[in-house]
Amino acid sequence: MAGVPGEDTGRAGILTSARPIGLSAPWIDGREEELVLETLRSGQLSLGPMVDRFEAALSERVEAPYVAAVSSGTAGLHLCMRIVGIEPGDEVVTTPFSFVASSNCVVYEGATPIFADIDPGTLNLDPAAVEAAITPRTKAILPVHIFGYPAELAELQVLADRNGLAIVEDACEALGSEYRGRPVGSSGHPTVFAFYPNKQMTTGEGGAVAVATEEEWALLKSLSNQGRSDSGEWLTHARLGYNYRLDDLSAALGLAQLERYDEILAARSEVAARYGELLGGVDGVEVPLADDQDHRRSWFVYVVKLAAGSDRDGIIARLAADGVAAKPYLPSIHLQPYYRERFGYGPGMLPVAEDASARTLALPFHSRLDAEDQERVVEALSRALA
Ligand SMILES: Cc1ncc(COP(=O)(O)O)c(C=O)c1O
């Protein structure tokens, strides 16, 4: 954790008076206040027009015919398991190098997440490893566009077609990313976005699912609204549903953020580019993979890789003493206590993901991080590494 100004760091009596630099921060401006206030004053706080407007704007942004807003990325992923028909006993091949929700959604439906290893450069699913993990029980592939870097959709599509599998994309970190010149979310697969405040844009809590057909959209709307029937009868429940609705205040916030999204992404790209320059001269730190023709990332976090054998915990503690927040990012899901216990996963099974999990470090990163703070982060990191 970043220190509080003047807080005793507990390190041999050293006091840091440095202003803390946090890991992330939303960028909320006048337009957000305006739309949220308009919604408050309208009295329509749920199931109102802001949700419709947010869905329409997002659908345009990601070039998907339909978008259903939901209460979180996790809720969206869960509903996707329902719409592609995942059932108890099924297997879903997915990545261990992700936030836990991308495989928890499989477990919610009584199915088993089968982890395939990742590519050391992109940190996304390695298609060859996915192919090796497919069994007769496999029903779907669930790639995650980790840290906003697009996953290898073309190769995964070949595998899905060959084996009759669905693809559900976890784009919770990737709104605005492009794969082969098209926005992530436009592929036709159910694709999930998330808007927790550390994301590129936020709705407070919230998420959304992009889909290709009206039927899928209607099913998502029903499932997220207690399984209500299409007839619109308030107390008729046609299927087992949930309360995964996004409220209108959150949608208003999201709509304002979407209106400013190009500006937000441009600011984040600038911050990332500046880190790239500043870190160029720092030994023992590998910067994130550059974009290429096929992969254009929307910057979610700035995660570096430390040299093998680095004392990451010590580095994080030294950064904290200088008022700079940093986090190991991300731990491998198969090594989480619940997954080890429930599925018997253990160390050594997925060496590339495990190596990445041991060496990656998220530095402070958000749309408004200024050059001075970035210089402070890099200076503190250089000292912490020495
Ligand atoms: C890759 C990934 N999947 C799923 C989620 C879950 O989203 P939420 O926190 O909105 O439920 C997140 C975000 O936290 C994420 O980063």
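Reader: How many salt bridges does a search of the whole structure find?

Author: The search finds 20 salt bridges. Keep in mind that this is a predicted model.

Reader: What is the general idea behind a salt bridge?

Author: Side chains of opposite charge can pair when their charged atoms come close. Now take a case. The side chains of Arg31 and Glu34 meet in a salt bridge, at 2.8 Å from N to O.

Reader: How are Glu34 and Arg31 placed in helix α1?

Author: They are three residues apart in helix α1 (residues 30-42), so about one helical turn separates Glu34 from Arg31.

Reader: Are Glu34 and Arg31 buried or exposed?

Author: Use the cut-offs: buried is under 20% relative accessible area, and exposed is over 50%. Glu34 has 46% relative accessibility, so Glu34 counts as partly exposed. Arg31 has 25%, so Arg31 is partly exposed too.

Reader: Which residue forms a salt bridge with Glu38?

Author: Arg53 does, and the closest N and O atoms are 3.8 Å apart. This pair links distant parts of the chain. Glu38 sits in helix α1 and Arg53 in helix α2 (residues 49-62), 15 residues apart. Glu38 is partly exposed at 41% relative accessibility. Arg53 is partly exposed at 39%.

Reader: What does the salt bridge between Arg383 and Asp322 tie together?

Author: Start with the distance. The closest N and O atoms of Arg383 and Asp322 are 3.1 Å apart. Arg383 lies in helix α13 (residues 371-385), and Asp322 lies in the loop between α10 (312-321) and β14 (327-328). The pair therefore ties together parts that are 61 residues apart in sequence. Arg383 is partly exposed, with 48% relative accessibility. Asp322 is partly exposed, with 24%.

Reader: Which residues are linked in a network of salt bridges?

Author: The network links Asp29, Glu32, Arg260 and Glu263.

Reader: Now the nonpolar core. Which residues touch the most other members of the largest one?

Author: That core has 60 residues. Phe97, Val130, Ile141, Leu142, Phe147 and Tyr329 touch the most other members. Helix α3 (residues 73-83) gives the most to this core, with six residues.

Reader: What is Ile141 in contact with, leaving aside its neighbours within four places in sequence?

Author: The contacts of Ile141 include Val93, Leu125 and Val130. Leu156, Leu159, Ala160, Leu165, Ala166, Ile167 and Val168 also touch Ile141.

Reader: What lies apart from the largest core?

Author: Another core, of 29 residues, lies apart from it. Among its members are Met50, Phe54, Ala69 and Leu265.

Methods
Residues numbered from 1 in each chain as written. Predicted model: local features only at pLDDT ≥ 70, side-chain atom pairs only at ≥ 80, totals over all residues. Heavy atoms only, no water. Core = buried A, V, L, I, M, F, W, Y, C linked by side-chain atoms within 4.5 Å. Buried < 20%, exposed > 50% of the residue type's maximum accessible area, 1.4 Å probe, protein only. Helix = DSSP H or I, 4+ residues; strand = E, 2+ residues; numbered from the N terminus. Contact = heavy atoms within 4.5 Å. Salt bridge = Lys/Arg side-chain N within 4 Å of Asp/Glu carboxyl O.
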